[in-house]
Amino acid sequence: MSNPLKFIRLIFIFLILFVTISGCKSIMYKVAGIEAIKEFDNNKVEQFEKNFKKLNPNIITKTISKEQFLTYVEGFGDLYKNDLKQPLQIHYYTNDTLVSFHANCYAKASIGGSLDWNYDGKFDEFIPKTSAQIKENKGLNFILTEFSLPVTKTNSTIIFFWSNLMPKQSMEAFKLIVENSKISTGKSTLITINTDQFFAGEKI
């Protein structure tokens, strides 16, 4: 995708085709849980993180700048950069190796705006079956270093990139991650990374 937000438009394009008044477009996005970020709101991010911690109090939370997010994207091969600019991403690492990758553009959308990450039973096991092969990347330690995150002490690490651009879908994805983690027989570290500063001001 040439535009990381193109996927969001495609989810609801069939709905928009039924709308003759252009002003209804923003209403459609609102109903579906897609919200443009006019400017970064740290209080909103912190409130969302509190809701995350109600489901898993042991998570590590981080908010990154636009520049940091772009540095992260540059850590992967050119072929994958558009996937890595998506608002929602779920990474699973075994030690330093990325073994499972998921992004909102690979999940199946429904009319209500929810995303089905578990199509084909991908999340029926831990670690979930990957949605895409991201072969060129610098590994977990690169992300931990670039974002000033602590070194994880578990063999399995989950990184969840999320944004208030897709608040409904962010919470649903987080719940899926938490439930899937319960399948694991070992311990894992869950890190949430907010990317609102990257998407602030972007038109949808």
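Biologist: How many salt bridges does the structure hold?
Modeller: Side chains of opposite charge can pair when their charged atoms come close. We count a salt bridge when a side-chain nitrogen of Lys or Arg sits within 4 Å of a carboxyl oxygen of Asp or Glu. Going by that rule, the number of salt bridges in the structure is 2.

Biologist: Before we go on, what kind of model is this?
Modeller: Residues are numbered from 1 along each chain as its sequence is written, and side-chain values use heavy atoms, with hydrogens and water left out. Local features need pLDDT of at least 70, side-chain atom pairs count only at pLDDT 80 or more, and totals for chains, interfaces and linings use all residues; what you're looking at is a predicted model.

Biologist: Okay, which residue forms a salt bridge with Glu 74?
Modeller: Look for a lysine whose relative accessibility is 18%. That makes this lysine buried (buried means under 20% relative accessible area, exposed over 50%, partly exposed in between, with a 1.4 Å probe and protein chains only). The closest N and O atoms of the pair are 2.9 Å apart, and the partner of Glu 74 is Lys 81.

Biologist: And is Lys 182, in the other pair, buried or exposed?
Modeller: Lys 182 forms a salt bridge with Glu 179, again with the closest N and O atoms 2.9 Å apart. Glu 179 is partly exposed, at 46%. Lys 182 has a relative accessible area of 59%, so the word for Lys 182 is exposed.

Biologist: How many helices and strands are there in the chain?
Modeller: Both are DSSP runs numbered from the N terminus: H or I with at least four residues for helices, E with at least two for strands. Counted that way, the chain has 8 helices and 7 strands.

Biologist: Why do we say the buried residues of helix 5 line one face?
Modeller: Helix 5 covers residues 66-74, and its buried residues are Phe 69, Tyr 72 and Val 73. Looking down the axis, we take the directions from that axis to the C-beta atoms. The buried residues line one face because those directions fall within an arc of 100 degrees.

Biologist: Which residues are exposed on the other side of helix 5?
Modeller: The buried residues of helix 5 pack against strand 2 (89-94), helix 6 (139-146), strand 6 (156-162) and helix 8 (196-199). On the other side, the exposed ones are Glu 67 and Glu 74.

Biologist: How far does helix 7 reach from its first C-alpha to its last?
Modeller: Helix 7 spans residues 167-181, which is 15 residues. The expected span is 1.5 Å times one less than the number of residues. Here 21 Å is expected, and the reach is close to that, at 21 Å.

Biologist: What is one of the strands covering the buried residues of helix 7?
Modeller: Quite a few residues of helix 7 are buried, including Met 171, Phe 174 and Ile 177. Their cover includes helix 4 (42-55) and several strands, one of them being strand 7 (188-194).

Biologist: Which side chain makes a polar contact with the side chain of Thr 157?
Modeller: Thr 157 is found in strand 6 and counts as buried, at 0% relative accessibility. Leaving out residues up to four places away in sequence, Thr 157 touches His 91, Tyr 93 and Leu 140, among others, where contact means heavy atoms within 4.5 Å. A polar contact is a pair of N or O atoms within 3.5 Å; within protein, one must be able to donate a hydrogen and the other to accept it, and residues adjacent in sequence count only if both atoms are side-chain atoms. At 3.2 Å, the polar partner of Thr 157 is Thr 152.

Biologist: How far apart in space are Gly 113 and Gln 169?
Modeller: Gly 113 lies in the loop between strand 4 (108-109) and strand 5, and it is buried at 0%. In sequence, Gly 113 and Gln 169 are 56 residues apart. C-alpha to C-alpha, their separation in space is 7.6 Å.

Biologist: Which residue does a cis peptide bond join to Phe 126?
Modeller: Most residues other than glycine have a negative phi, and most peptide bonds are trans. Here the bond is cis, with omega about 10 degrees. The partner lies in the loop between strand 5 and helix 6, and its name is Ile 127.

Biologist: What is the phi of Asn 95?
Modeller: Asn 95 sits in the loop between strand 2 and strand 3 (97-103) and is partly exposed, at 47%. Asn 95 is not a glycine, yet its phi is positive, about 55 degrees.
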